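Colleague: Pick one part of this model and take me through it slowly, please. I'm after the packing around it, so start with whatever definition I need to follow you.

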Amino acid sequence: MRNLLLVIPLLVGMGVVIQSGANTQLRAMLGSPFLAALISFSTGALSLLILNIIVGTDPSLLNSEHIMRTRWWMWLGGILGAFFITSVIFIAPIIGPTKLFGLIIASQLIFSVIVDHYGWMGFDVQAINFRKIIGVLLLIAGAFLVQWGKEG
């Protein structure tokens, strides 16, 4: 099971690249990055609604008691998802997916190490160590080479 959990993020990564292409083409067809993002989120929401029906999620779980216990930052997921999708729709056609995702992945890893180190947002504390620092530096170097390296 653990091996499957390691494969799924690889599939998710490929899916994000496909998603950026699909959304970018949708933007070109519709003429609006915001409308393309809205359609992307609407089809995603519909998919999640269907999934919740299939797995039998109890709708009573979404009640005022649960909502009142949330912290303000727990609501940022959807907002940041919209920011991500819309930004990718804007930027991918200009710099291409390789440069775009090289920078996104480097940023994600840097911030993930910080979040782990401090245990922010409910994650277990996982201290920064020399190997993590080297890994982050290598990823930054890779993003730099992809962004500014000679082509061809």
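Modeller: Let's fix one word first: I call a residue buried when its relative accessible area is under 20%, exposed when it is over 50%, and partly exposed in between. Bear in mind too that this is a predicted model.

With that cut-off, the buried residues of H2 are Pro 33, Ala 36, Ala 37 and Ser 40. An α-helix has 3.6 residues a turn, so residues three or four places apart point the same way. Keep that in mind as you look along the helices. H2 covers residues 33–55, and H1 and H4 are among what covers its buried residues. H2 also comes out at the expected length: its 23 residues reach 33 Å from first C-alpha to last, close to the 33 Å expected at 1.5 Å a residue.

The part I'd pick is H5, but a quick word on the setting helps. The protein has six helices and zero strands, so to speak α-α-α-α-α-α when read from the N terminus. Its C-alpha atoms fill a box of roughly 55 × 45 × 35 Å along the principal axes. Buried residues make up 16% of the 152 in the protein. Of the contacts with a separation of 6 or more, 57% join residues 24 or more positions apart. The accessible surface is about 11,600 Å², and 73% of that belongs to carbon and sulfur atoms.

Now H5 itself, which runs over residues 97–118. Its end C-alpha atoms are 31 Å apart, which agrees with the 32 Å that 22 residues should span at 1.5 Å a residue. Its buried residues are Leu 100, Phe 101, Gly 102, Ile 104, Ala 106, Val 113 and Val 115. H1, H4 and H6 (130–148) are included in what covers them.

H1 returns the favour. Its buried residues are Ser 20, Asn 23, Thr 24 and Leu 26, and these pack against H2, H4 and H5. H1 has 29 residues and reaches 41 Å between its end C-alpha atoms, close to the 42 Å expected. Just after H1 comes Gly 31, with a positive phi of about 85°.

H5 matters for the pocket as well. The largest pocket holds about 760 Å³ of space. It is lined by 24 residues, and the closest to its centre are Phe 84, Ile 104, Ile 105, Ser 107 and Gln 108. The elements giving two or more residues to that lining are H1 (2–30), H4 (76–95) and H5. Of these, H5 gives the most, with 11 residues. By class, the lining has 18 nonpolar residues, five polar ones and one charged one. Ile 104 is worth a second look: it is on the list of buried residues of H5, and it is also one of the residues closest to the pocket centre.

Further along H5 you reach Val 115. Val 115 counts as buried because its relative accessible area is 5%, and the cut-off for buried is under 20%. What does Val 115 touch, once you set aside residues up to four places away in sequence? Its partners are Trp 120, Met 121 and Phe 123. The C-alpha atoms of Val 115 and Gln 126, 11 residues apart along the chain, are separated by 8.7 Å.

Where H5 stops, the backbone has two points to check. Just after H5, Gly 119 takes a positive phi of about 65°. Then comes Met 121, which has a positive phi of about 55° although it is not a glycine. Met 121 lies in the loop between H5 and H6. It is partly exposed because its relative accessible area is 43%, which sits between the 20% and 50% cut-offs. So for this contact you have Val 115, buried at 5%, touching Met 121, partly exposed at 43%.

For contrast, jump to another loop. Asn 63 lies between H2 and H3 (64–69). At 25% relative accessibility, Asn 63 counts as partly exposed. The C-alpha atoms of Asn 63 and Arg 131, 68 residues apart along the chain, are separated by 44 Å.

Technical notes
Residues numbered from 1 in each chain as written. Predicted model: local features only at pLDDT ≥ 70, side-chain atom pairs only at ≥ 80, totals over all residues. Heavy atoms only, no water. 1 Å grid on protein atoms, 1.4 Å probe; cavity = no way out; pocket = protein on both sides within 12 Å on 5 of 7 lines; lining within 4 Å. Points joined across faces, edges and corners; volume = space filled by probe spheres on them. Helix = DSSP H or I, 4+ residues; strand = E, 2+ residues; numbered from the N terminus. Nonpolar A, V, L, I, M, F, W, Y, C, P; charged D, E, K, R; others polar. Buried < 20%, exposed > 50% of the residue type's maximum accessible area, 1.4 Å probe, protein only. Contact = heavy atoms within 4.5 Å. Areas by Shrake-Rupley, 256 points an atom, 1.4 Å probe, with all protein chains shown as cover. Expected span 1.5 Å × (residues − 1).
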